[in-house]
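Please look through the sequence and the structure shown below before reading on. The report that follows takes up the strands, their pairing and the nonpolar core.

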Amino acid sequence: MAGDDIIEMQVMSEWLRVCRLDEIPRQGARVVELDGTRVAVFRTAEDEIHALEDRCPHKGGPLSQGIVFDRRVACPLHGWLIRLDTGHACSPDEGCARRYRTKLDNAEVYVAPDA
Ligand code: FES
């Protein structure tokens, strides 16, 4: 549920280190900026990491400030559910948030800039 603590990054290699896993709260998110795009990096209750553009496909709400449960986040503005593993809105809503590849290596979180 971060948002104020944005990490700015410049794309220099395939994988960009974001932070340590324990720097993202369980069922929360941290925001990084990749080439001017805000990206929400989510951590599930099971310590899975997912990354989506921090912009709801409905009306642009900040997904990083939503509630994470299972592999979904509830947008804080109107409650759409967005799947963290695909970026798609759950039915009956339609739309998709841009998704980024992630990896966890030695408790360090990485994001690939190519969505
Ligand atoms: S902006 Fe996300 S549900 Fe409306």
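## The sheet of β6, β7 and β8

In this predicted model, Arg 72 stands opposite Arg 83, a residue of β8. The two strands concerned, β7 (residues 72-74) and β8, are paired in the antiparallel sense through three bridges.

Both belong to an open sheet of three strands, whose order is β6-β7-β8 and whose pairing is antiparallel. The edges of this sheet are taken by β6 (67-69) and β8 (81-83), and because each has a single partner strand, one side of each is left without a neighbour in the sheet. On average, and with direction ignored, neighbouring strands here are turned by 25° against each other.

## The sheet of β2, β11 and β10

Another open sheet is formed by three strands in the order β2-β11-β10, again with antiparallel pairing. Its edge strands are β2 (16-20) and β10 (102-105), each of which pairs on one side only, and the average turn between neighbouring strands of this sheet, direction ignored, is 30°.

Within the sheet, four bridges connect β2 with β11 (residues 108-111) in the antiparallel sense, and one residue pair that can be followed by eye is Cys 19 with its bridge partner Val 109 in β11.

## β5 and its partners

Four of the five residues of β5 are buried, and this strand is therefore largely enclosed by the rest of the structure. β5 runs antiparallel to β4, to which it is joined by five bridges, and the two strands form a hairpin with five residues between them, where Asp 47 in the turn has a positive phi of about 65°.

β5 also pairs with β9 (residues 99-100), in the antiparallel sense and over two bridges. Leu 52 of β5 takes part in both pairings, since it is the bridge partner of Ala 40 and also that of Arg 99 in β9.

## The largest nonpolar core

Which residues of the largest nonpolar core touch the most other members? Of its 25 residues, they are Val 39, Ala 40, Val 41, Leu 63 and Ile 82. At least two residues of this core come from each of the strands β3 (28-34), β4 (37-43), β5 (49-53) and β11. In soluble globular proteins, nonpolar side chains tend to be buried together.

Ala 40 gives a closer view of these surroundings. When its neighbours within four places in sequence are left aside, Ala 40 is in contact with Ala 29, Val 31, Ala 51, Leu 52, Asp 54, Leu 63 and Ser 64.

Key: Residues numbered from 1 in each chain as written. Predicted model: local features only at pLDDT ≥ 70, side-chain atom pairs only at ≥ 80, totals over all residues. Pairing = 2+ DSSP bridges. Axes fitted to C-alpha atoms, helices over the stretch in contact; angles between N-to-C directions. Core = buried A, V, L, I, M, F, W, Y, C linked by C-beta atoms within 7 Å. Buried ≥ 20, exposed ≤ 12 C-beta atoms within 10 Å, placed from the backbone. Contact = placed C-beta atoms within 7 Å.
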